[in-house]
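Welcome! Take a moment to turn the model around on your screen, and then we will walk through it together.

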Amino acid sequence: AQVVNDVAIASGGSNKMILDRQGVDRAFTEVATWITSQVEVTYSRPDRLVPPSKLEVTVKRPDVHVWAPRWTGAQ
């Protein structure tokens, strides 16, 4: 469970554990809200000799959450 949770969070997602059948409807509604309220932002930069190893994304509004992969994609 810890590995699944770590991978989900590191890749920009989340892991939701439901312990009771009665919580399934509420959990699906919550996930549907997350999915339908997403905004995808694409960042690009000019090619450089040394690519950056870090990209920091922040928001100023307290009611907005950023879910993004922690991996830079560098090989």
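Is Arg61 buried or exposed? Arg61 counts as exposed, because its relative accessibility is 52% and the cut-off for that label is over 50%. Keep in mind as we go that this is a predicted model.

Arg61 has a partner worth finding. Its side chain meets that of Asp63 in a salt bridge, with 3.2 Å from N to O. Asp63 also has a relative accessibility of 52%, so it counts as exposed too. The structure holds one salt bridge, and this pair forms it.

Now step back and look at the whole chain. You will find two helices and zero strands in it. The chain has 75 residues, and 7% of them count as buried. Its accessible surface comes to about 7500 Å², with 55% of that belonging to carbon and sulfur atoms. What about contacts between parts of the chain that are separated in sequence? Taking the contacts between residues at least 6 apart, 42% join residues at least 24 apart.

Next, visit helix α2, where you can pick out Trp34. Trp34 counts as partly exposed because its relative accessibility is 29%, which falls between the 20% and 50% cut-offs. Which residues does Trp34 touch, leaving aside those up to four places away in sequence? They are Ser14, Lys16 and Trp67.

Finally, follow the chain past α2, which spans 23-36, into the segment that comes after it, and look for Val59. Val59 has a relative accessible area of 41%, so it is partly exposed. That value is over the 30% needed for a residue to be part of a patch, so Val59 passes this cut-off. Val59 indeed helps to make a nonpolar surface patch of about 520 Å², together with Tyr43, Leu55, Val57, Val64 and Val66. Try colouring these residues in your viewer to see the patch they make.

Key. Residues numbered from 1 in each chain as written. Predicted model: local features only at pLDDT ≥ 70, side-chain atom pairs only at ≥ 80, totals over all residues. Heavy atoms only, no water. Patch = residues over 30% accessible without salt bridge, like charges linked within 9 Å, V, L, I, M, F, W, Y side chains within 5 Å. Areas by Shrake-Rupley, 256 points an atom, 1.4 Å probe, with all protein chains shown as cover. Salt bridge = Lys/Arg side-chain N within 4 Å of Asp/Glu carboxyl O. Helix = DSSP H or I, 4+ residues; strand = E, 2+ residues; numbered from the N terminus. Buried < 20%, exposed > 50% of the residue type's maximum accessible area, 1.4 Å probe, protein only. Contact = heavy atoms within 4.5 Å.
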